[in-house]
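Here are a few notes to read alongside the model, point by point. Have it open on your screen as you go through them.

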Amino acid sequence: MGLHGVKAVFFDLDNTLIDTAAAGRRAIEEVISALQSKHHYGEGEARAICDKVQAKLLKECHDPAKMCITDLRISHWEEAIQETIGGEANRDLAAECYYLWKTTRLQHLTLAEDTRAMLTELRKGLRLLLLTNGDRQTQREKIEACACQPYFDAIVVGGEQKEEKPAPSIFHYCCDLLGVQPAECVMVGDSLDTDIQGGLNAGLKATVWLNKAMTAPVDTSPVPHYIISSVLDLPAVLQKMEHNINAKLETDHMASSNE
């Protein structure tokens with residue numbers, strides 16, 4: 001592999017290589033349990049607080065120049081507690097909830113054994129790069145927690161760059177890091193908006209969408225080149241691509257010989 005076609009694969013991190021969503025659910029349950037047992041909140045109140053925090057995380061706009069991510073996220077908890085319970089703001093309880101949520105989530109972020117084996121095998125013939133959007137501190141902590149550094153030739157965090165996915169600039173920066181052309185690279189990720197659209201914007205050879213539920217998207221754009229239900233299906237897709245490239249080369253060669 002790599003002779004005529006693919007030379008590098010870019011992987012997204014969250015919900016592609018690691019199950020961030022599942023780790024987040026475990027972390028939320030831990031906080032709900034602590035709010036009930038230690039602080040004597042009712043289950044309904046505890047869940048309402050956590051639901052509000054999750055809504056704030058989804059809408060989060062973070063400018064690291066103005067506030068560190070830790071302060072911002074403690075504020076999410078502080079606001080959620082006040083909105084649910086009323087009364088005075090409780091920064092101490094908010095900080096306790098945030099740190100419990102954060103440490104529990106990090107503990108459950110693991111790079112599965114079969115994923116490690118796949119990355120090790122792929123790296124024998126390809127350059128591998130981890131490309132993740134998000135706040136620098138948050139993403140570096142996740143990378144550290146799942147110990148994925150040894151499997152990649154380079155790691156790029158959106159929050160450390162001028163622009164994040166889907167901007168073409170971050171993909172071209174990744175190509176330069178590995179010394180490859182966009183047309184020699186494949187992007188693998190679970191987000192149509194950032195991973196797939198970004199790969200298309202940057203002119204990569206192919207985009208592979210990880211759609212675990214295998215449900216059809218409501219909106220058909222952007223259209224990925226390939227769809228897989230598990231990241232472990234990627235080697236088969238790469239083999240298929242290589243086969244198609246070789247078949248095309250053979251056809252082209254025969255056509256030129258016949259001229």
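1. Let's begin with strand E2, residues 127-132, in what is a predicted model. Five of its six residues are buried, so strand E2 is largely enclosed by the rest of the structure. Buried here means under 20% relative accessible area.

2. Strand E2 has a partner in strand E1, residues 8-11, and the two pair in the parallel sense over four bridges. If you would like a place to start looking, Ala8 has Arg127 of E2 as its bridge partner.

3. Strand E2 also pairs with strand E3, residues 154-157. These two strands run parallel as well, joined by four bridges. Try finding Leu131, whose bridge partner in E3 is Val156. Taken with helix H6, strands E2 and E3 make a right-handed β-α-β unit.

4. Next, the largest pocket, which holds about 1,200 Å³ of space. It is lined by 37 residues, and the closest to its centre are Asp14, Leu57, Arg73, Gln139 and Lys142. Helices H1 (20-37), H2 (43-58), H3 (69-85), H4 (91-107), H6 (136-146) and H8 (192-201) are the elements that give two or more residues to this lining. Helix H6 will be familiar from the β-α-β unit above.

5. What classes of residue make up the lining of the largest pocket? There are ten nonpolar, 14 polar and 13 charged residues. Both domain 1 (8-19 + 110-257) and domain 2 (21-108) contribute to the lining, with at least three residues from each.

6. A few backbone details deserve a look too. As background, most residues other than glycine have a negative phi, and most peptide bonds are trans. The peptide bond from Lys165 to Pro166 is cis, with omega near 15 degrees. You will find Pro166 in the loop between E3 and helix H7 (168-178).

7. His40 has a positive phi, near 60 degrees, and is a residue other than glycine. This histidine, His40, lies in the loop between H1 and H2. Is His40 buried or exposed? His40 has a relative accessible area of 66%, so it counts as exposed, the cut-off being over 50%.

8. Met214 also shows a positive phi, near 55 degrees. Look for Met214 in the loop between strand E5 (206-210) and strand E6 (226-228). With a relative accessible area of 47%, Met214 is partly exposed.

Key: Residues numbered from 1 in each chain as written. Predicted model: local features only at pLDDT ≥ 70, side-chain atom pairs only at ≥ 80, totals over all residues. Heavy atoms only, no water. 1 Å grid on protein atoms, 1.4 Å probe; cavity = no way out; pocket = protein on both sides within 12 Å on 5 of 7 lines; lining within 4 Å. Points joined across faces, edges and corners; volume = space filled by probe spheres on them. Nonpolar A, V, L, I, M, F, W, Y, C, P; charged D, E, K, R; others polar. Domains from an automatic or database assignment. Buried < 20%, exposed > 50% of the residue type's maximum accessible area, 1.4 Å probe, protein only. Pairing = 2+ DSSP bridges. Right-handed = clockwise from strand over helix to strand, strands pointing away.
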